[in-house]
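User: Hi! I have a protein model open next to its sequence, and I would like to go through its architecture step by step. Could you help me read it?

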Amino acid sequence: MSIHTYKDKIIAGNGDIKKLYYVQISMSSSYAHPVIAYNDIFKMITWFQPPTTLVEIGILNGYSLRSFAESCPSTTQIYAYDIFEKFNGNSASRDIIDKFREYPNVHIAEGDFYELYKIYKDKSIDLLHIDIANDGAVYEFALEHYMPRLTDRGLLILEGGSQERDAVPWMQKYNKVPIRDILEKYKATYDIYTIDAFPSITFIRNKSV
Ligand SMILES: C[S@@+](CC[C@H](N)C(=O)[O-])C[C@H]1O[C@@H](n2cnc3c(N)ncnc32)[C@H](O)[C@@H]1O
């Protein structure tokens, strides 16, 4: 049996108070602590099934990229892309390339989400992380253009997917397509799993896995 609990959290940056919802098993256990860092999720995924080819689109300061770089074996080739100063928002600096020099298997380059899928062959990416200020349109583009690029047991990870994430002010202000509408549309086609703790994260894989 599970119960839904929540607690208030101040989201850094804008001072808004958000409700964070957690599903907790209703029994006493040290496992029932409600907060886990996304860093641990990224590391666990690559530890459990080390990818041969990992692609990340959207680097910013390299939080997720460092998690992947630290947890993948040196045999994993990690390709990370960003449009840098071309992004009209909080973007990655080109200095990020120097910060990852210690990892010879990490390759950082300029690349646009809306074009990059063309340089990858079908069934060539084991793990794909997309984090580019995601909205429903980004999800739909990823599902249509990037899912075929995944290997049969490949995994697509996208930031977002919770109700709370769809309600962030910029999604409303710019009239963005809710991510959950797209998940609903594709849930019969793919296996989809979302962790709701803000900002939330969604995992998508082929149903045949
Ligand atoms: C939310 S941040 C990425 C956060 C990062 N993954 C982390 O772990 O903190 C979004 C990044 O996506 C980049 N970006 C935005 N639009 C893009 C696009 N069309 N193609 C590639 N990168 C893009 C931005 O420049 C920015 O660095």
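Analyst: Happy to help; here are some questions and answers on the fold, the core, the ligand shell and the backbone.

User: Let's start broadly. How many helices and strands does the protein have?

Analyst: Keep in mind that this is a predicted model. Of its 209 residues, 30% count as buried. Among the contacts with a separation of 6 or more, 62% are between residues 24 or more positions apart. The secondary structure comes to eight helices and nine strands.

User: In what order do the strands of the seven-stranded sheet lie?

Analyst: Some pairs can be followed one at a time: strand 4 runs parallel to strand 5, with five bridges, and strand 3 is joined to strand 4 in parallel, also by five bridges. Strand 3 also pairs with strand 6 in the parallel sense, over four bridges, and five bridges link strand 6 to the parallel strand 7. The sheet as a whole is open, its pairing is mixed, and its order is 5-4-3-6-7-9-8.

User: Which strands stand at the edges of that sheet?

Analyst: An edge strand has a single partner strand, so one of its sides is left without a neighbour in the sheet. That applies at both ends, to strand 5 (106-110) and strand 8 (190-195).

User: By how many degrees are neighbouring strands of this sheet turned against each other on average?

Analyst: This average ignores the direction of the strands, so to speak only of the turn between neighbours. The value is 15 degrees.

User: What angle does helix 2 make with strand 3?

Analyst: Helix 2 packs on the sheet, where it touches strand 3 (53-57), strand 4, strand 5 and strand 6 (125-130). Taking the direction of the helix against that of strand 3 gives about 170 degrees.

User: Which residue is the bridge partner of Leu 54 in strand 6?

Analyst: Leu 54 belongs to strand 3, and strand 3 pairs with strand 6 over four bridges. Leu 54 touches Phe 68, Cys 72, Thr 76, Ile 78, Asp 126 and Leu 127, leaving out residues up to four places away in sequence. The bridge partner in strand 6 is Leu 127.

User: Is Leu 54 buried or exposed?

Analyst: A residue counts as buried if 20 or more other C-beta atoms lie within 10 Å of its own. Leu 54 has 25 of them within 10 Å, so Leu 54 is buried.

User: How many residues of strand 6 are buried?

Analyst: Strand 6 is largely enclosed by the rest of the structure. Strand 4 is also largely enclosed, because five of its six residues are buried. For strand 6, the count is six of the six.

User: Which residues have the most contacts inside the largest nonpolar core?

Analyst: As a rule, nonpolar side chains in soluble globular proteins tend to be buried together. This core has 38 residues. Ala 142 is in contact with Ile 130, Leu 156 and Leu 158, its neighbours within four places in sequence left aside, and Leu 128 stands opposite Leu 156 in strand 7. The residues with the most contacts are Ile 78, Ala 80, Leu 128, Ile 130, Ala 142 and Leu 156.

User: Which residues come nearest to the ligand?

Analyst: The shell divides into twelve nonpolar, four polar and three charged residues. Helix 2 (63-71), strand 4 (77-82) and helix 4 (113-116) each supply at least two of them. Of the 19 residues around the ligand, the nearest are Gly 58, Tyr 63, Ser 64, Phe 87 and Ser 91.

User: Which peptide bond is cis, with omega near 10 degrees?

Analyst: Most peptide bonds are trans, and most residues other than glycine have a negative phi. Pro 199 sits in the loop between strand 8 and strand 9 (201-206). The cis bond runs from Phe 198 to Pro 199.

User: Is Ser 200 buried or exposed?

Analyst: Ser 200 lies in the loop between strand 8 and strand 9 and has a positive phi near 80 degrees. Asn 175, in the loop between helix 7 (169-173) and helix 8 (179-186), has a positive phi of about 55 degrees and is exposed, with 7 other C-beta atoms within 10 Å. Ser 200 has 20 such atoms within 10 Å, so Ser 200 is buried.

Conventions:
Residues are numbered from 1 along each chain as its sequence is written. This is a predicted model: local features need pLDDT of at least 70, side-chain atom pairs count only at pLDDT 80 or more; totals for chains, interfaces and linings use all residues. A nonpolar core is a set of buried Ala, Val, Leu, Ile, Met, Phe, Trp, Tyr and Cys residues joined through C-beta atoms within 7 Å. A residue is buried if 20 or more other C-beta atoms lie within 10 Å of its own, exposed if 12 or fewer, and partly exposed in between; C-beta atoms are placed from the backbone. Two residues are in contact if their C-beta atoms, placed from the backbone, lie within 7 Å. A residue is near a molecule or strand if its C-beta atom, placed from the backbone, lies within 6 Å of it. Helices (H or I, at least four residues) and strands (E, at least two) are DSSP runs, numbered from the N terminus. Ala, Val, Leu, Ile, Met, Phe, Trp, Tyr, Cys and Pro count as nonpolar, Asp, Glu, Lys and Arg as charged, and the others, Gly among them, as polar. Two strands pair if DSSP finds at least two bridges between them. Axes are lines fitted to C-alpha atoms, for helices over the stretch in contact, and angles run from 0 to 180 degrees between N-to-C directions.
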